[in-house]
Amino acid sequence: QELIDNDIEAAEEKNSASLFWLKEHHKHLDTLRTELEEYIADRRELERLYETSIAEVERRIQLVPVAAYYDSFLHSVQDFWDYEITSVEEKPITIRKVVTAFLIFALGVLISRRFTRRFFLRFLERFHVAEGSAAALQSLLFYTLVLIFALTALNVVNVPLTVFTFVGGAVAIGFGFGSQNVMNNFISGIIILIEQPIRRGDIVQLKEMTGIVTHIGLRSTSLRTADNIDIIVPNSTFLEHEVVNWTLIDHRVRLTMQVGVAYGSPTDTVKSLLLRAVAEHEKVLSQPSPFVLFSNFGNDSLEFEVVFWSHIASVTQKLQVLSDIRFIVERLFREDGIVVAFPQRDIHVDTVQPLEVKILGQ
């Protein structure tokens, strides 16, 4: 600034033309200085406000400890768990009770399944109960335990059983027709588990379908055919239709194999060979004793039936036993010269005069 003032004085003495421009430059410098001073003052004010804010935050942090934040979080969580969803007979149902009831029911189903499975495994080993009967008792015990856990869960939620009277009536009115088959199969499943007309492991024949029972539930029963195909059959079907249970009492099944031999074959030899064939098979039981029936004089053969008993565990095993015995019978008949009959026709021509035979040329 002192240099500029000296330049101005020198310019005034010389009456120089640059006097005007020096004065203008001096004005601009004064303006910039003023603005710079104002900026510095504003910067200092911002620094002071920043330091004041930091001090205030530090003061508040010191006043509110970390435990207070933790207590506030726990209080929020507790408010959420105690939130009232609805109430039944002036008893609140909160989120905490609903979650607790669900966990009790889920844990109860898991415990019931494992308990009944292990209990009946030991029950079978100790008392030698049939597998089908044990499976039925296991299912009944499992559903009973599940019902107990369900009632316990409802008690935790404070839902009285009287509520289901109203709900059940509303459901019956709204869905009565739609749930008729479901209830029919449900009641049929309970009857099957109690009366045990069929059991797990039984070989049953229902109409044209034959299979082994693999599972009996409250709604349906599973059958596994000889083709290893699982068929789901509604429980009511077993009570509404005729069902053949091959193994209701035990797994001993009477089997019959038919064979026809040519006329003129020695019948006593055929009988002995058939008895020998069934005796050679390891699956044929010696008691009751096998026997042979001379069933009929057929159009083309002398018809025999060999009747025997076998311990059958599956449909495939029955077919395999019959096939094996047919192989043995064919071998014994071939070795002894017995001919298995096949269709034959004898034509008798009755004429008064000899038949005239003509050979026609081409």
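How many aromatic pairs does the count come to? The count comes to two aromatic pairs, and both are described in the last legends below. The model shown is predicted.

**View 1. The whole chain holds ten helices and ten strands.** The chain has 362 residues, and 27% of them count as buried. About 26,100 Å² of the chain is exposed, with carbon and sulfur atoms supplying 59% of that area. Among contacts between residues at least 6 apart in sequence, 61% join residues at least 24 apart.

**View 2. Five strands make up an open sheet.** The strand order is β6-β5-β4-β3-β7, with antiparallel pairing. Strands β6 (230-234) and β7 (243-245) are at the edges; each has a single partner strand, so one side of each lacks a neighbour in the sheet. On average, neighbouring strands of this sheet are turned by 40 degrees against each other, direction ignored.

**View 3. Strands β3 and β4 run antiparallel.** Strand β3 covers residues 203-206 and strand β4 covers residues 209-216. Four bridges join the two strands. To find one place where they face each other, look at V204, which stands opposite G211 in β4.

**View 4. Strands β9 and β10 form a hairpin.** Four residues lie between the two strands. Strand β9 spans residues 291-297 and strand β10 spans residues 302-311; they run antiparallel and are joined by six bridges. F291 stands opposite V307 in β10.

**View 5. F294 and F297 form a tilted aromatic pair.** Their rings are 5.1 Å apart, centre to centre, with 50 degrees between the planes. Is F297 buried or exposed? F297 has a relative accessible area of 59%, so it counts as exposed. F294 has a relative accessibility of 37% and therefore counts as partly exposed.

**View 6. F294 and F304 form a stacked pair.** The ring centres are 4.5 Å apart and the planes meet at 20 degrees; planes under 30 degrees apart count as stacked, which is why this pair does. F294 belongs to strand β9 and F304 to strand β10, ten residues apart, and the pair links distant parts of the chain. F304 has a relative accessible area of 3%; this residue is buried because the value is under 20%.

**View 7. Three phenylalanine rings belong to one cluster.** Ring pairs link F294, F297 and F304. F294 takes part in the tilted pair with F297 and also in the stacked pair with F304. Within this cluster, F297 is exposed, F294 is partly exposed and F304 is buried.

How values were computed
Residues are numbered from 1 along each chain as its sequence is written. This is a predicted model: local features need pLDDT of at least 70, side-chain atom pairs count only at pLDDT 80 or more; totals for chains, interfaces and linings use all residues. Side-chain values use heavy atoms; hydrogens and water are left out. Buried means under 20% relative accessible area, exposed over 50%, partly exposed in between (1.4 Å probe, protein chains only). Contact means heavy atoms within 4.5 Å. Accessible areas come from the Shrake-Rupley method with a 1.4 Å probe; for residues, only the protein chains shown count as cover. Two strands pair if DSSP finds at least two bridges between them. Axes are lines fitted to C-alpha atoms, for helices over the stretch in contact, and angles run from 0 to 180 degrees between N-to-C directions. Rings of Phe, Tyr and Trp (its six-membered ring) pair if their centres lie within 6.5 Å; planes under 30 degrees apart count as stacked, over 60 as edge-to-face and the rest as tilted.
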